[in-house]
Amino acid sequence: MQRIPEEKIDEIRSQVDIVDVVGNYVQLKKQGRNYTGLCPFHGEKTPSFSVSPEKQIFHCFGCGKGGNVFSFLMQIDGLSFVESVKKVADLAHIPLDVAISQGDSAPGNKPDSQESKMIEIHQLASKLYHYLLMETEEGQEALQYLLDRGMSEQELDHFEIGFAPAHASTVTTFLKKREVDLALAVESGLLTERDDGEVVDRFRNRIMFPIKNDRGQLVGFSGRLFNQEDGPKYLNSPETPIFNKRNILYHFSDARQEIRKKEEILLLEGYMDVISSVSATFSNGVASMGTSLTEEHVQMIRRVTNRAIICYDGDRAGIEASFKAGTMLAEQHRLEVFVLQLPNGKDPDDFIRSEGAEKFAEIYTHQRLTWTAFKLQFFKRNRNLQNETDKIAYLGEALAEIGKLDQAVERELYLKQLGSEFDLSMEALKQQLQQTVVVKPKPHDYGGPPPESYGEYPSYEGDSGPVYEQFSFAQPSGVPSAGLTSEKRLLKYMLEDRDAFIQIRNLLEEHQTDFYHDNYKALYTHLIGFYASGNDANPLALMDQLKDDMARNLVSELEMMTVNTDVSIEEYQDYVQSLTKSSIERDIKEKEQALLTATQQGDIPAALELARTITTMRATMKNTPN
């Protein structure tokens, strides 16, 4: 087997813009020369993740992760180095005309994990379930049920829907024949172990919906009853190392591109709703796994869009779920939210199949309710507006909501609607509105931090609504020491210029000093080997050869630094002397601690020797140029 030549890797890397690749996973906004967004590797509300199109790297100033396009895909999708190169090559339409061995292709490759084996087991089971539905006599009743509900065979194939027979060991026997580790299949949630130790199928006599995570990996199933009432309507995979309902949205990985295209996500309640919405050309639809929207779901959504369209069932439970989800999205996380209410309380699946895709598109495009309009309708529920007490209470709630709006035109619009509905004058409504809205102090008046958001936050409430202040891109906190700054700058210059590397290395040897911090020292050692192999300065190629994530993160951090490009050897010498001075300062502190210990122990000769040494070292440091 051949290795992927370095020239081929360089060609593949150069043909793809990292902004385009990262943009498939993170909602990026242009800020100066770079793009910023919410880090996909750790939860945050204020963006600290940056992508440089000029450097072709990414770096998060929050969690420290960084690298190039290959290492991004390795971390976000759990790929090996080879797999990431393949994926980028596909994006660039570059053929890989070499034979590749998973074990002998390139640095950074890793063996299959237990999680990847669990995913493979689910993929095998999914193929079996789909075959049983589409091709066997046993699956005919389930197939006919789905066809009668209006689903086409194309939809069944596209969503890989299947059927689990009533037998206890259909999948178990299938996996045994393929010598799959049944204990691992049990741990993955596909099989279950009885009290007597027998391993059997978890899903029986159910229509099977495969569930993928946000990376498109098949990690679980949801099985639906269709011809009996015994048991829950939907049975989901249990929580496992690869499956957790809190961070999975059905169809999210397949919908991501359409969400970006439409710049909005369609939130639905069920699998059938999603399938019907896709058939109606609304491929931006997703659904939670039979659970309320979670913080993890919201973080996933915020990485791809700032606008959500909620279209839940029209029954009481669906309306209340819409209010709960909208409150989380709009008021806690500041997304733009709209709500679709379908006629006669129908759910999206029933409506699309009975009324057609065009009618759904009409409501989606032209009849969506703003979040405020939906809330005003929601507050009317369970109120008798013919009763004066209920009417006054409703008006109070409505005015409180209108008072939260920061646009004068919006406030005017809703006030006019209230005035028309209840035959009230605008003067009376505006006077009541002023009494309803309480001016809040600025955050610094009571010492509280400003609420974090994406792009801006309401600093305080004014008479005309929230007053907004811009916040700047998050930067590392703390002031680095002179020695640390010198280490960073020296490594930065050595990364980007081979001649600078030679000059600085000579200065380090001349002054008999070295980098102090372990990760900086390790990167310096990597650079020595990199240049000794005949490479020119190329931080991106260096990243590919670094197996340590910490080292890659450090390279990306240094590459994000802005330094003077017109630098002389005298400046290098100043930084090296700063390292020397910092080293002496650390030695003095160690000797001072030893002097204190010797004095406390009554060891006078040792104390005198240490005192003389400290005096000499201080004199040396004094003579070291700043």
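Which residue follows helix 8, and what is the sign of its phi? In this predicted model, Glu179 comes after the helix, and its phi is positive, near 55°.

Let's step back into helix 8 itself, which spans residues 170-177. Its buried residues are Thr170, Val171, Thr172, Phe174 and Leu175. As for what they pack against, the partners are helix 5, helix 9 (182-187), strand 7 (191-193) and strand 8 (199-201).

Leu175 also takes us to the largest nonpolar core, a set of 61 residues. Along with Tyr129, Ile161, Leu190, Tyr250 and Phe360, Leu175 is one of those that touch the most other members. Helix 5 (residues 114-135) is the top contributor to this core, giving nine residues. There is a second core too, separate from that one: it has 43 residues, including Phe379, Ile402, Leu429 and Leu433.

Now pick out Tyr129 and look at its company. Setting aside neighbours within four places in sequence, Tyr129 is in contact with Gly162, Phe163, Ala164, Val171, Leu190, Phe203, Met208 and Phe221. Two names there should ring a bell: Val171 is among the buried residues of helix 8, and Leu190 is on the list of residues touching the most other core members.

Finally, jump along the chain to Pro539, which sits in helix 24 (residues 539-545). Pro539 counts as buried because its relative accessibility is 14%, and the cut-off for buried is under 20%. Not counting residues up to four places away in sequence, Pro539 touches Leu495, Val555 and Glu559. Take Val555: it lies 16 residues from Pro539 along the chain, yet their C-alpha atoms are separated by 7.2 Å.

Technical notes: Residues numbered from 1 in each chain as written. Predicted model: local features only at pLDDT ≥ 70, side-chain atom pairs only at ≥ 80, totals over all residues. Heavy atoms only, no water. Helix = DSSP H or I, 4+ residues; strand = E, 2+ residues; numbered from the N terminus. Buried < 20%, exposed > 50% of the residue type's maximum accessible area, 1.4 Å probe, protein only. Contact = heavy atoms within 4.5 Å. Core = buried A, V, L, I, M, F, W, Y, C linked by side-chain atoms within 4.5 Å.
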